[in-house]
Amino acid sequence: MAEDLPLDSGSFRRVVGTYATGVVVVTTVLDGVDHAMTANSFTSVSLDPLLVLFCSDRESRFHEAVMVTKTWGVSVLRSEARDHARWFANRGRQLQGQFDEVPHHRGANGAPLVDESLAWLECTTEEVSRAGDHDILIGRVTRLRIAEPGAALIYWGGEFREQQ
């Protein structure tokens, strides 16, 4: 049986939570300081040119940094990276040393990339569009890498889960 819900943020989260998404960590480095955020608002946009997008809260430290650098990395997380996804979703965590316990490597653009990933993309911002309290950042892909196949980390029903 279907149920009508009030038009509020709690109901909206409940409804969009029924849509399973992959989980990524988006990263950049500004003045030698690493910035990172967990996102499930990531998708491909175009094959010619190669474009992807993610959404960033305009009030976040990450947003401030990526708007300056205009370069970023995307780590498509394996199911084993659940703790890393939780860590980088934690607002207000200390910036210095935030990658100390997270195995990672640097992309060609300098952004840290999480090792426990299925794939990595490096991007340069092409366009930014305002959308409510977030911005949509569209990036041109400048580098692609893929790892051995495995189970993807997904987000569904308000929880991180393993792809089945």
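## Charge over a ring

A charge is taken to sit over a ring if NZ of Lys or CZ of Arg is within 6 Å of the ring centre and within 35 degrees of the ring normal. In this predicted model, Arg145 lies over the face of Trp120, at 5.1 Å from the ring centre.

## Basis of the values

The model is predicted, and local features need pLDDT of at least 70, side-chain atom pairs count only at pLDDT 80 or more, and totals for chains, interfaces and linings use all residues. Residues are numbered from 1 along each chain as its sequence is written, while side-chain values use heavy atoms and leave out hydrogens and water.

## Nonpolar core and Phe54

The largest nonpolar core (buried Ala, Val, Leu, Ile, Met, Phe, Trp, Tyr and Cys residues joined through side-chain atoms within 4.5 Å) has 14 residues, of which Val26, Phe54 and Trp72 touch the most other members. Among the elements that each supply at least two residues of this core are β5 (50-57), α2 (61-69) and β6 (71-77), where helices (H or I, at least four residues) and strands (E, at least two) are DSSP runs numbered from the N terminus.

Phe54 is buried, with a relative accessible area of 0%, buried meaning under 20%, exposed over 50% and partly exposed in between (1.4 Å probe, protein chains only).

## Aromatic pairs

Four aromatic pairs are present, with ring centres of Phe, Tyr and Trp (its six-membered ring) within 6.5 Å and planes under 30 degrees apart counted as stacked, over 60 as edge-to-face and the rest as tilted. Phe54 and Phe62 form an edge-to-face pair, 6.1 Å centre to centre with 70° between the planes, and Phe62 is likewise buried, at 4% relative accessibility.
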